[in-house]
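Grab a coffee and work through these exercises with the model open beside you. Try each task before you read its solution.

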Amino acid sequence: MERPQTEQTEQTEQTGRAERTEQAARREGAAPDDGRATVVTGSGRARPPEEFTADICVVGAGPAGLVLALLLLKSGLRVAVVERARAHQREFRGEILQPGALTLLDSLGVLAGARARGAHEHTRFRLVEGGRTLLDIDYRELPAPYDYLLSIPQAHVLDELLLHCDAYEGFTYLDGRRVGELLREDGRITGVAADGPGGACTVRAHVVVGADGRFSKVRRLAGIEAGRREAFDLDVLWFKLTDDRSGARGPETLRDVRVFRAGGSPVLVYDSWPDRVQVGWTLPHKGFKDVAAQGIDRVKEQLAQAVPPYAELIREQIGSMRDLSLLDVFSGRAERWSDDGLVLIGDAAHTHSPIGAQGINLAIQDAVLLHPLLVASHRAGDASAEFLSAFERTRSADIEQVMRLQRLQSKAMLSRGTFATRVRPRLAALLRRTPVYRRVLGRIALGNPSVRIAEELFVPDVPEGGNR
Ligand SMILES: Cc1cc2nc3c(=O)[nH]c(=O)nc-3n(C[C@H](O)[C@H](O)[C@H](O)COP(=O)(O)OP(=O)(O)OC[C@H]3O[C@@H](n4cnc5c(N)ncnc54)[C@H](O)[C@@H]3O)c2cc1C
């Protein structure tokens, strides 16, 4: 049976089919202990030094890891980021940013540059069935300027963050290196060992931050259970179509993130930069076998019927199962987020379903909340689990609340029958005029509104000049 692409995890170890970005191709050097860069020019390929020290070692250059790195650098700390990939052009990355993430990225000074690389604004989130709208969440009801959802390739955000990190002398970027071991002294985590095409290295640090995503290796090496919850019980077939009509529409076009309710298998659709349409077809968990057994033509027909506006593109562009990627959708919460010398953040600490586009928002807010705690930990010379667990105590309630909201959103998308299709839409329309609706919208869009960047910790004259 022909199979779709499956997600890259620590277990599958697939090679990404994505191309390297120009920037990533330039990213060859690394910093020795004195914090100076080794620059690679022309054919003279310098061997990267093997041992590094930093105040904080961040594993994973996703949204959580890079936002945290930038905040710490601005506060005068030396930061080493270890990243297994050599480019950001990977599959399976969420690209819808909520207003909460936009606000924080703007305060950090990276939003404009990321947007300039290309993005689409979306004004509404709509649940539709046949010609009817069952749920309509209009982001224009939020206060400007962050009154929209932004669909932006994660590479645009991450490259911009890297550019800003690069401006600091205390920054060491070790890409193409996969962390495979935690270093310990007297039981306390004191660093990591990593290897890969970038070269083998060790990094010793006051604190190691595991920001290495939902299949976190750091979490596993620390012996911390992932706490997977099968709350959603679904898989997603994930793929992109090219839509020339989308690319041709100007910035004034009103775009929506839409979920087409097609029986028990809703389909998520949104315009993705520059001229693509991202499609996510939800299937019952482990239900792919039954679908695949029907053959690609039947799969295409089901999809075409579920999303009539894209029927033609689906028929034209999907040739085989290999054009689809099968994702395992789950949520989870690690049994604890800290150890002596270690903190977990973002998806490594708590993993969310893509429903409701919350993961990046939460990852960035985690970084913003952890920043002052790490500065304090460094100043006090205290990296004990007890000290670092203050992060989990502060953040727990927010995460549980988002998980509850996502369960409700998922129910609204998946449930069937008269209540779901007739009663709930009317209730939703009535609720729309109440403060409850605005509170829920605010929560989905902004997360915890009290999360703010601790700019008072920034040091004005941090030496500039990154180490790559
Ligand atoms: C299909 C799908 C769609 C989604 N859509 C959205 C969306 O639209 N909006 C949204 O907000 N969220 C979405 N999400 C969730 C979102 O992508 C994540 O929540 C978010 O990326 C988490 O950020 P992070 O920095 O914690 O982890 P990640 O973004 O996963 O980054 C982890 C980094 O660690 C690196 N790494 C992993 N292991 C190692 C290792 N051993 N050594 C070194 N480096 C390592 C990885 O290469 C990666 O760069 C979606 C998720 C999925 C699966």
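**Exercise 1.** Which helix gives the largest share of the shell around the ligand?

Before you start: this is a predicted model, where local features need pLDDT of at least 70, side-chain atom pairs count only at pLDDT 80 or more, and totals for chains, interfaces and linings use all residues. Residues are numbered from 1 along each chain as its sequence is written.

*Solution.*
- Step 1: find the shell. It has 34 residues, with Gly60, Gly62, Gly94, Gly346 and Gly359 the closest; a residue is near the ligand if its C-beta atom, placed from the backbone, lies within 6 Å of it.
- Step 2: look at the elements. α2 (63-74), β3 (79-83), β10 (178-185) and α11 (359-380) each bring at least two shell residues. Helices (H or I, at least four residues) and strands (E, at least two) are DSSP runs, numbered from the N terminus.
- Step 3: pick the winner. α11 supplies four residues, the largest share.

**Exercise 2.** Work out where the largest nonpolar core lies relative to domains 1 and 2.

*Solution.*
- Step 1: define it. A nonpolar core is a set of buried Ala, Val, Leu, Ile, Met, Phe, Trp, Tyr and Cys residues joined through C-beta atoms within 7 Å. Buried means 20 or more other C-beta atoms within 10 Å of a residue's own, exposed means 12 or fewer, and partly exposed is in between, with C-beta atoms placed from the backbone.
- Step 2: size it up. The largest core holds 123 residues, and those with the most contacts inside it include Ile56, Val79 and Ile345. Contact means C-beta atoms, placed from the backbone, within 7 Å.
- Step 3: place it. Domain 1 (22-36 + 49-128 + 141-228 + 332-412 + 444-453) and domain 2 (232-330) both contribute residues, so the core lies between them. Those bounds come from an automatic or database domain assignment.

**Exercise 3.** Asp186 and Ala357 both have a positive phi; is each one buried or exposed?

*Solution.*
- Step 1: check the angles. Phi is about 50 degrees at Asp186 and about 45 degrees at Ala357. Most residues other than glycine have a negative phi.
- Step 2: locate them. Asp186 sits in the loop between β10 and β11 (188-195), while Ala357 is in the loop between β20 (350-351) and α11.
- Step 3: count neighbours. Asp186 is exposed because it has 6 C-beta neighbours inside 10 Å. Ala357 has 24 inside 10 Å, so Ala357 is buried.
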